[in-house]
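Trainee: Before we look, could we go through this structure by asking what each term rests on?
Mentor: Yes, let us take one term at a time and set each value against its cut-off.

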Amino acid sequence: TKHRSCVSLFQKVNQFARIPLQFSTLVQSQKTMTDQSQTDLGLYKPPPTVRGMTELDRAAFSQTVSVPAIRIPTNVLNKAVKSLKKVALQRPGLKRVVEEHSEDGNKDSSEGEHRLLLLDPNSITSADSFGGEEAEALKAYGVPQEIQKYELQLTYENLKSEEILRAVLPEGQDVTSGFSRVGHIAHMNLRDHQLPYRKLIGQVIIDKNPGITCVVNKTNTIDSTYRNFQMEVLAGESNMVAKVRENGVFYEFDFSHVYWNPRLSTEHERIVSLLQRGDTVVDVFAGVGPFAIPAARRGCEVLANDLNPESFRWLQHNAKLNKVDRKITSFNMDGRNFIRGPVEERLPALMKGSQKIHVVMNLPALALEFLDAFRGLLGPEPDQSLDNLPQVHCYGFSKEDDAQRDVVERAEASLKTSLQGQCSVHLVRNVAPNKEMMCVSFTLPRGVLYSTHTKDKPNPKKQKCEDPTD
């Protein structure tokens, strides 16, 4: 097969490549509202009167449920609770150890001598439900293996977010959703049937996730040059300036005006791990600096470019924030103009040196097309051969069954040369069903750089790209 040397390894593990990659640094990315067992949801199901609620009424979720409990002498309480921790009740904001009450509701006359440990009704239904180790511990501590019922007052605070939303949204419709965390901001992509409940959903996310003070929902698909998108604030403050720490590096940016994807933390780290002190990094679509700044911290010289003036501004800000502004030369240009301007000017001198040159092109909706800017970039080949050719790491989306082959063939089409035996392909992540983000890495062929190809003029026309959440 033509590209066997480039993609055969990935074909062998294709079944694993199709598994969606859950990105979690993070601190910056979380999943919420996941499925629970139907037993658990049935026991703690909120009152049916909350169905269809669009404005959050926390008091409406209060209810009383009956749970099992065991009576434990206070002198062995700590030891017994530790031995029974696997079957103890665990609910948000709920005390597992409570005082006894008599039938009339008053405190028991033996106050101080015993406490009740509330148990998980999914694990304990009778005295015979305890496992061997637990039964032995109870016997050792002199605790009768007797179960009693305790009327537990549950409130909104004791319910999990998925329980609340499952009770509110239309019965039978999928309520599973997720958000990406960007500093104090939770970024959601709500489905159509969830939109009438979006304000309530936003407030629940804030209530149940400490540190989240703003919830936003993407309101349209990207169609701008700058890879940002319109957002609606669902709940909380309208402050869009996020502060994020990724792989030990601090970033600040206005999330409503720049592109940031917390699911790419591992990929940023992977590329930076390839770099050595003294290398040069050319970051064609730098954004706010997730490749450029770690590279500079590693001791590399960096040429970082982004067309979005807001990204350019925050890139410079973050370089100063991380004290690497002297290592980064930043540009606010179209990608092709950047390659055929500052990069073309500096490349011959860099290629005379021994330190590696890495070109990073992370605009997966379009980057493969931008490879044509390298054709004939350096004109006629000089008499003295320069062997220090740039290493390119170019990203692309693919919806093809063989995503590896697809991105290689598209790279070859832009370069007008074969990459057979000269490239590697890395699966970055599964973006959506049948859509993957790939990175193809290769040494830029000498025949591409020099004028065996016609040098194209830069195209000043602004390019549009796909959904930035991809």
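Mentor: Let us begin with a group of charged residues, in which Arg198, Lys199 and Glu232 are linked in a network of salt bridges; please keep in mind that we are looking at a predicted model.

Trainee: What makes the contact between glutamate 232 and lysine 199 a salt bridge?

Mentor: The term asks for a side-chain nitrogen of Lys or Arg within 4 Å of a carboxyl oxygen of Asp or Glu, and the side chains of lysine 199 and glutamate 232 meet at 3.6 Å, N to O, so the pair qualifies. Glutamate 232 belongs to strand E9 (residues 231-236) and lysine 199 to helix H7 (residues 198-208), so this salt bridge ties together parts that are 33 residues apart in sequence.

Trainee: Why is glutamate 232 called partly exposed?

Mentor: Buried means under 20% relative accessible area and exposed means over 50%, with partly exposed in between; glutamate 232 has 21% relative accessibility, so it counts as partly exposed. Lysine 199, with a relative accessible area of 43%, is partly exposed as well.

Trainee: How many salt bridges are there in the whole structure, and which residue forms one with arginine 270?

Mentor: A search of the whole structure finds 14 salt bridges, and among them is the one between arginine 270 and glutamate 267, whose closest N and O atoms are 2.7 Å apart. Both residues lie in helix H8 (residues 265-272), three residues apart, which is about one turn of the helix. Set against the 20% limit, arginine 270 is partly exposed at 24%, whereas glutamate 267 is buried at 5%.

Trainee: What makes arginine 410 and aspartate 406 a salt bridge, and where do the two residues lie?

Mentor: Their closest N and O atoms are 3.0 Å apart, and the limit is 4 Å, so the pair meets the condition. Arginine 410 and aspartate 406 both lie in helix H13 (residues 403-415), four residues apart, or about one turn of the helix. Aspartate 406 is buried, with a relative accessible area of 15%, while arginine 410 is partly exposed, with 30%.

Trainee: How do you know that the length of H13 agrees with what is expected of a helix?

Mentor: At 1.5 Å a residue, the 13 residues of H13 should span 18 Å, and the end C-alpha atoms are 18 Å apart, which agrees. Just after this helix, lysine 416 takes a positive phi of about 60°.

Trainee: Why is H13 described as mostly covered?

Mentor: The description rests on a count, since 10 of the 13 residues of H13 are buried, including Ala403, Val407, Val408, Ala411 and Leu415.

Trainee: What makes strand E16 largely enclosed, and which strands pair with E16?

Mentor: Seven of the eight residues of E16 (residues 391-398) are buried, so the strand is largely enclosed by the rest of the structure. Strand E15 (residues 357-361) runs parallel to E16 and is joined to it by four bridges, with methionine 361 having cysteine 394 of E16 as its bridge partner. Strand E18 (residues 435-443) pairs with E16 in the antiparallel sense over eight bridges, and there glycine 396 stands opposite methionine 438.

Trainee: Why do E3 and E5 count as edge strands?

Mentor: Four strands form an open sheet in the order E3-E4-E2-E5, with antiparallel pairing. Strand E3 (97-98) and strand E5 (148-154) each have a single partner strand, so one side of each is left without a neighbour in the sheet. Within this sheet, five bridges join strand E2 (residues 63-73) to strand E4 (residues 114-118), and alanine 69 has leucine 118 in E4 as its bridge partner.

Trainee: Is asparagine 322 buried or exposed, and what does its side chain reach?

Mentor: Asparagine 322 has a relative accessible area of 9%, so it falls under the 20% limit and is buried. This residue is placed in the loop between helix H10 (309-321) and strand E14 (328-331), and a polar atom of its side chain lies 2.6 Å from the backbone oxygen of phenylalanine 250.

Definitions and conventions. Residues numbered from 1 in each chain as written. Predicted model: local features only at pLDDT ≥ 70, side-chain atom pairs only at ≥ 80, totals over all residues. Heavy atoms only, no water. Buried < 20%, exposed > 50% of the residue type's maximum accessible area, 1.4 Å probe, protein only. Pairing = 2+ DSSP bridges. Polar contact = N/O pair within 3.5 Å; in protein donor to acceptor, adjacent residues only side chain to side chain. Expected span 1.5 Å × (residues − 1).
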